[in-house]
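Here is a walk through one protein chain, written for someone who has the sequence and the coordinates open. Have a look at it first, and then we'll go through it piece by piece.

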Amino acid sequence: MSEPKKQEKDFTKEVDALLAETLPIAQAGRTTEAIDKLLALEKQTRNAADLASTTRLLTAITTIAYEAKDFALLNSNISLLAKKHGQLKDSIKQMVELAMSWLDDIRVNQGEPAWLELVETLRSVTEGKIFLETPRARLTLALAKFHERNSTDPSAAPKPKPGETAPTPFQSLETAAELLSELQVETYSSMERKEKTEFILEQMRLLVLLARAKDKEGKKLKAEGPKSAAAEGSKGGVAISDGESEWVKVRVGGRKVHEGFLTEKGNEDLKLAYYDLMIQFALHSSAYLDVAKYFYKIWETPIIKEEVDGRGREALENIAYYVVLAPHDNEQSDMINRLYIDPALAKLDLQYNLVKCFVTKELMRWPGIESIYGPTLRTTMVFGPSPTGDEDETAASAKRWEDLHTRVIEHNIRVISHYYTRITLQRLTSLLDLTPKETETILCRLVVSGTVYARIDRPAGMVSFKKKESAEDLLNKWAGDVGKLMELVEKSWMEMNAALAVKARS
């Protein structure tokens, strides 16, 4: 594409005359003849850098082909005009935008094959041109939605050409995700920030769908055995655990979205869509604390918080569920304590009492927790079976219920370590309602993570929670105690002197 140059001549009168001459020719059905006449003058206006005249000729040529319903001629002329030596950028841009405005009409009245050919033509024309990056992104989005629809409704897809096979639903979904993933819209200077965010969210949504499809396929192959997986791989099928690469892309896409922009007025829908996708990503990796944070962001949204008995209540309940599911650390402890004193949580009796159990330094017996909270919790989306009957979601809910049991046990161990310095393994096992082996496993995991300090004496059957102090620690502790003692002696001596002075004056 040549650099802009100064206009050498004005062809307005020549263009006016030629358009008046070629319009009747085109209406008479001699489309090719009319276009050839316009192409001859287009070369002169292009070489003279007459932007207005060149633009009028390009739009006239494409309009004649469109009105004649000759879409092969339309596609060939768009490609030809865009590749002309020294073609003006603004002229190409206006021609492409005009052709894009016809897409909906062509899809409805001429069918999807004609629409698809024009979309592919426009995408090839816009490829590699920075000044056409935004139109290309919009075309790619339309094409991705077309392939996504084919993945959910294969019967609506156009019939394949002779010798070609129709893509499977999985292949259509994969094509849709790959098309959008190729776009780096965050670098586009000509695209508005809101539109950029919408594109990134659409990329993330398709990647989540593809990742789940690949994960499901991977589980299916694992269930069928290694031979089936090898055979599928040799045919170019999906490899086991391939969905992980898509989940990584979702995480990368999430970092491209500016969360401050989502909090601005008018962006509530984008904010809710973004955090919904991030929740799905966090649930995939069982990052429960992140899930609780994302639900908290949703709950903070004014339109959600106003729905006290609707989405606001649901978001607050999920915050309570996932914050207690999260492994204990400083961040989790801070969040659960802030949630506990929130007046909004006090209005939800069951969730408030559940959080209170984890905040209070008292033992919780799992059978009691299961009998009190189980009937309600097992009907929720977090711990209950999938309402759609999805086996993967039901298995994930069952895992979260097991994780809740684990968190109760870990809480009890922390409480016991706070009140006991030594305890028999038999007594610890009875307090935790576990077998000795399960008790040792969970206790060792907490010790490795640094949550508690403990040492097990298996021959004696004792567990010690008191950390053995070194000589240096004992000396420092003794020095601190001596310092406190001297401060008390000095304070007492000063008070005695003051009392004696007052007595002497009297």
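Ala320 makes contact (heavy atoms within 4.5 Å) with Leu339, Leu345, Gln351 and Val355, once its neighbours within four places in sequence are left aside. One of these partners, Leu345, is 25 residues away in sequence and 8.4 Å away in space, C-alpha to C-alpha. Ala320 belongs to helix H17, residues 311-325. Helices here are DSSP runs of H or I with at least four residues, strands are runs of E with at least two, and both are numbered from the N terminus. With a relative accessible area of 0%, Ala320 is buried. The cut-offs are under 20% relative accessible area for buried, over 50% for exposed, and partly exposed in between, using a 1.4 Å probe and protein chains only.

Before going on: this is a predicted model, in which local features need pLDDT of at least 70 and side-chain atom pairs count only at pLDDT 80 or more, while totals for chains, interfaces and linings use all residues. Residues are numbered from 1 along each chain as its sequence is written, and side-chain values use heavy atoms, with hydrogens and water left out.

How confident is the predictor? On the pLDDT scale, which gives its confidence in each residue from 0 to 100, the chain averages 88, and 96% of the residues score at least 70. The stretch to watch is 233-240, where pLDDT stays under 50 and the model has 10 contacts beyond four places in sequence. Where pLDDT is low, the predicted coordinates should not be read in detail.

Now for the cores. A nonpolar core is a set of buried Ala, Val, Leu, Ile, Met, Phe, Trp, Tyr and Cys residues joined through side-chain atoms within 4.5 Å. The largest one has 72 residues, and Leu377 and Leu404 have the most contacts inside it. Not counting residues up to four places away in sequence, Leu377 touches Tyr321, Leu350, Leu354, Phe383, Gly384, Trp401 and Leu404. There is also a second, separate core of 42 residues, with Ile61, Leu73, Leu74 and Val119 among them.

Leu73 sits in helix H4, residues 71-82, and is buried at 17% relative accessible area. Its contacts, leaving out residues up to four places away in sequence, are Thr31, Ile35 and Ala65. Ile35 is 38 residues from Leu73 along the sequence, with 9.9 Å between the C-alpha atoms.

His147, in helix H8 (residues 133-152), is buried as well, at 16% relative accessibility. Beyond its neighbours within four places in sequence, His147 is in contact with Ser172, Leu173, Thr175, Ala176 and Leu179. Glu178 is found in helix H9, residues 169-181, and counts as partly exposed at 45% relative accessibility.

What about the sheet? Three strands make an open sheet in the order S1-S3-S2, with antiparallel pairing; two strands pair if DSSP finds at least two bridges between them. Strand S1 (422-424) and strand S2 (455-457) are the edges, each pairing on one side only. S2 and strand S3 (residues 462-464) run antiparallel and are joined by three bridges, and Ile456 stands opposite Val463 in S3.

Helix H23 (residues 425-432) has Leu425, Leu428, Thr429, Leu431 and Leu432 as its buried residues. These residues are on the same side of H23, because they cover an arc of only 165° around the axis, the arc being that of the directions from the helix axis to the C-beta atoms. Their cover includes helix H22 (391-419), S1, helix H24 (436-449) and S3.

That leaves the backbone oddities. Most residues other than glycine have a negative phi. The residues below have a positive one.

| Residue | Phi | Place |
|---|---|---|
| Ala49 | near 60° | loop between helix H2 (31-47) and helix H3 (51-67) |
| Ser286 | about 55° | loop between helix H14 (268-284) and helix H15 (288-300) |
| Asp433 | near 60° | follows H23 |

Which of the two loop residues is buried, and which is partly exposed? Ala49 is buried, with a relative accessible area of 8%, whereas Ser286 is partly exposed at 27% relative accessibility.

How values were computed:
pLDDT = per-residue confidence, 0-100.
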